[in-house]
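Dear colleague,

Please find the structure we spoke about below, followed by notes on what came out of going through it.

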Amino acid sequence: MPLADRFLTVRRDPHSEEVLARGGDPEAHGVLQRTGFVPVVRVHETYHRAPTNLIEGDDTRLGIEAVARLRAVGYHVDCDEDFDTDRRPVHDLPLGATVAHLAQRIREATTWDAAGVLTELTASHDGILAALEEVLIATAEFHDGLGDAADPHIARRLRYLADERLRAIRSDLSHTRNALADRHVPHPGRSICAEEVPAAERERSAVCACPPPPRTAPALPPLPVAAGLRR
């Protein structure tokens, strides 16, 4: 990770009076968004701002909370004096990180047990995709009664995503999961290390009997381009 990505600024813009956070990597951006900041994507940069229409003083409290959370996970934050704090709240593992761990389990799977990981996504009653559908429907219901002219359209769009797009993803992944569950063969490109050293092993530094990784063939030089015929 570049060292520059560990540095951020949280300051009040002297012209707009907005509390703005700049810098950081995607993890820092996630911290800011969970604090309540709104991402602003521009051609030359992505930064974060405090939400609009906050009551007086709330944006300052938001800036203090952002500085505290960022510093708690090791970021260096340069900030206005109003936002400086020694508080370091406990950093809980985000729910998304728990779900992303499923990807690591699939990358490490050596047999058809990858189907078990996909089951966590596709289970009809309490799988992750079923829960995501519930979130979309609940958000649609929330917009039904908000009162702005665009809210009914947003609610319809969310229901469309749940009924059509998400349902297609669930169907395809369920088919993939079921097909993997019927295949009881090891993955040909992965092997399980027993961490056992044969008695006849001559190398005293050997820790297992795994074969060495295959050597990649060196890249061949490009073929010479035929010269054109001279007239």
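**Pockets, salt bridges and the first helix**

The residues that line the largest pocket divide into 5 nonpolar, 2 polar and 4 charged. Please keep in mind throughout that this is a predicted model. The volume of that largest pocket comes to about 260 Å³, and its lining consists of Glu27, Gly30, Val31, Arg34, Arg69, Ala72, Pro89, Val90, His91, Asp92 and Pro94. Two elements, α1 (26-35) and α2 (58-72), give two or more residues each to this lining, and α1 gives the most, with 4 residues.

Helix α1 deserves a further word, since it also has a buried side. Its buried residues are Ala28, His29, Gly30, Val31, Leu32 and Thr35, and these pack against β1, β2, β4 (46-49) and α2. Gly30 and Val31 are named both among the buried residues of α1 and in the lining of the largest pocket. Just after the helix, glycine 36 takes a positive phi of about 130 degrees.

The second largest pocket holds about 190 Å³ of space. It is lined by Ile106, Ala109, Thr111, Trp112, Ala114, Leu180, Arg183, Val185, Pro186, His187, Pro188 and Arg190, a set that comprises 8 nonpolar, 2 polar and 2 charged residues.

Turning to charged pairs, the structure holds 12 salt bridges, and three of them are described here in some detail.

In one of these, the side chains of arginine 6 and aspartate 25 meet with an N to O distance of 3.9 Å. This pair links distant parts of the chain, as arginine 6 belongs to the segment before β1 (7-12) whereas aspartate 25 sits in the loop between β2 (19-23) and α1, 19 residues apart. Are the two partners buried or exposed? Arginine 6 has a relative accessible area of 17% and is therefore buried, the cut-off being under 20%, and aspartate 25, at 5% relative accessibility, counts as buried too.

In another, arginine 11 forms a salt bridge with aspartate 80, and the closest N and O atoms are 2.8 Å apart. Because arginine 11 lies in strand β1 and aspartate 80 in the loop between β5 (76-79) and α3 (95-108), the pair ties together parts that are 69 residues apart in sequence. With a relative accessible area of 33%, arginine 11 is partly exposed. This contact also belongs to a wider arrangement, in that Arg11, Asp78 and Asp80 are linked in a network of salt bridges.

The third pair to mention is that of arginine 159 and aspartate 144, whose side chains meet in a salt bridge at 2.7 Å, N to O. Here it is two helices that are linked, with arginine 159 in α6 (residues 151-181) and aspartate 144 in α5 (residues 128-144), the two residues being 15 apart along the chain. Arginine 159 is partly exposed, at a relative accessible area of 27%, and aspartate 144 is partly exposed as well, at 45%.

When you open the model, I would suggest beginning at α1, which supplies 4 residues to the lining of the largest pocket, and then going on to the network of Arg11, Asp78 and Asp80.

With best regards

Terms used: Residues are numbered from 1 along each chain as its sequence is written. This is a predicted model: local features need pLDDT of at least 70, side-chain atom pairs count only at pLDDT 80 or more; totals for chains, interfaces and linings use all residues. Side-chain values use heavy atoms; hydrogens and water are left out. On a 1 Å grid over the protein atoms alone, a cavity is a set of points where a 1.4 Å probe fits but cannot get out, and a pocket is an open set with protein on both sides within 12 Å along at least five of seven lines; lining residues have an atom within 4 Å of a point. Grid points are joined across faces, edges and corners, and a volume is the space filled by probe spheres set on the points. Ala, Val, Leu, Ile, Met, Phe, Trp, Tyr, Cys and Pro count as nonpolar, Asp, Glu, Lys and Arg as charged, and the others, Gly among them, as polar. A salt bridge is a side-chain nitrogen of Lys or Arg within 4 Å of a carboxyl oxygen of Asp or Glu. Buried means under 20% relative accessible area, exposed over 50%, partly exposed in between (1.4 Å probe, protein chains only). Contact means heavy atoms within 4.5 Å.
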